[in-house]
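Please look over the sequence and the structure shown below before reading on. The paragraphs after them go through the chain step by step.

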Amino acid sequence: MTTSPADGKVLDTIHRLLGSRICVTMTDGRIASGKFMSLDRLGNIMLEDVVEQRWLAYHDVSTADNKDTKSYDDNTEDASVTNSADNNNAQQHVQHTKDESGLCQWTTERSLSQAVIIGIKVAEVEIMMRE
């Protein structure tokens with residue numbers, strides 16, 4: 001197998017990015033940010049000290065017609081959960097909000113010591129900062 005000069009430039013750029021904080025947007029809308037540790041030939045990205053964020057919105061028809069529905073600010077719930085079964089000691093923060101029309105939004109954020117993002121799931125990569 002031969003390599004072209006362009007391949008060398010790409011590898012050099014990736015090598016210089018090792019240790020940088022990057023933000024990876026996945027095809028399903030999740031966002032993972034962490035320290036860039038590795039990239040394999042399949043495009044899988046390994047991160048350390050990772051924070052993953054995801055959002056879900058849905059319309060709750062059971063409360064949409066209810067005139068006693070609480071306002072957006074009054075119906076905010078926060079909960080922190082520690083997943084002790086995970087070797088990474090993942091911590092998850094969940095925020096659930098509902099507005100007067102019955103639109104519910106669920107935001108989760110979890111912290112992991114390491115994560116591998118499968119190459120075919122990567123939609124976008126942004127460089128946050130160099131450590």
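Helices and strands are DSSP runs, numbered from the N terminus, where a helix has at least four residues and a strand at least two. By that rule Val125 sits in strand 7, which covers residues 122-130. The model is a predicted one.

The same way of naming elements gives the outline of the chain. The chain holds two helices and seven strands, and their order along the sequence is α-β-β-β-α-β-β-β-β. Of its 131 residues, 25% count as buried. Among contacts between residues at least 6 apart in sequence, 54% join residues at least 24 apart.

Val125 gives one view of how separate parts of the sequence come together. With its neighbours within four places in sequence left aside, Val125 is in contact with Ile22, Cys23, Val24 and Ile45. The C-alpha atoms of Val125 and Ala32 are 9.6 Å apart, while 93 residues separate the two along the chain. Val125 counts as partly exposed because its relative accessibility is 44%, and the partly exposed class lies between 20% and 50%.

The next topic is strand pairing. Strand 3 and strand 6 run antiparallel and are joined by 14 bridges. One of the residue pairs is His59 with Leu103, the latter in strand 6. Strand 6 also pairs with strand 5, residues 91-98, in the antiparallel sense over eight bridges. In this pairing Gln91 stands opposite Ser111 of strand 6. Strand 5 and strand 6 form a hairpin, with four residues between them. In the turn of that hairpin, Gly102 has a positive phi of about 95 degrees.

A positive phi also occurs in strand 3. Asp49 is found in that strand, and its phi is near 50 degrees, a positive value in a residue other than glycine. Most residues other than glycine have a negative phi. Is Asp49 buried or exposed, or does it fall in between? With a relative accessible area of 48%, Asp49 is partly exposed.

Strand 3 and strand 6 return in the salt bridges. How many salt bridges does the rule count? The count comes to four. Glu52 takes part in a salt bridge with Arg30, at 3.0 Å from N to O. Glu52 lies in strand 3 and Arg30 in the loop between strand 1 (20-26) and strand 2 (31-39), so this pair ties together parts that are 22 residues apart in sequence. Glu52 also forms a salt bridge with Arg110, where the closest N and O atoms are 2.6 Å apart. Arg110 belongs to strand 6 and Glu52 to strand 3, so here the parts tied together are 58 residues apart in sequence. Through shared partners, salt bridges join Asp28, Arg30, Glu52 and Arg110 into one network.

The members of this network can also be described by exposure. Glu52 counts as buried because its relative accessibility is 8%, and the cut-off for buried is under 20%. Arg30, at 23%, counts as partly exposed. Arg110 is likewise partly exposed, with a relative accessible area of 30%.

Another salt bridge is found in helix 1. The side chains of Arg16 and Asp12 meet there at 3.7 Å from N to O. Arg16 and Asp12 are four residues apart in helix 1 (residues 5-17), so about one helical turn separates them. Asp12 counts as partly exposed, at 41% relative accessibility.

The last topic is the largest pocket, which contains about 150 Å³ of space. Which elements give two or more residues to its lining? They are strand 3 (45-59) and strand 6 (103-117). Strand 6 gives the most, with five residues. Among the lining residues are Met26, Ala32, Val50, Leu112 and Lys121. Arg30, Glu52 and Arg110 are also part of the lining, and these three belong to the salt-bridge network described above. By class, the lining has eight nonpolar and four charged residues, and no polar ones.

Notes: Residues are numbered from 1 along each chain as its sequence is written. This is a predicted model: local features need pLDDT of at least 70, side-chain atom pairs count only at pLDDT 80 or more; totals for chains, interfaces and linings use all residues. Side-chain values use heavy atoms; hydrogens and water are left out. On a 1 Å grid over the protein atoms alone, a cavity is a set of points where a 1.4 Å probe fits but cannot get out, and a pocket is an open set with protein on both sides within 12 Å along at least five of seven lines; lining residues have an atom within 4 Å of a point. Grid points are joined across faces, edges and corners, and a volume is the space filled by probe spheres set on the points. Ala, Val, Leu, Ile, Met, Phe, Trp, Tyr, Cys and Pro count as nonpolar, Asp, Glu, Lys and Arg as charged, and the others, Gly among them, as polar. Two strands pair if DSSP finds at least two bridges between them. Buried means under 20% relative accessible area, exposed over 50%, partly exposed in between (1.4 Å probe, protein chains only). Contact means heavy atoms within 4.5 Å.
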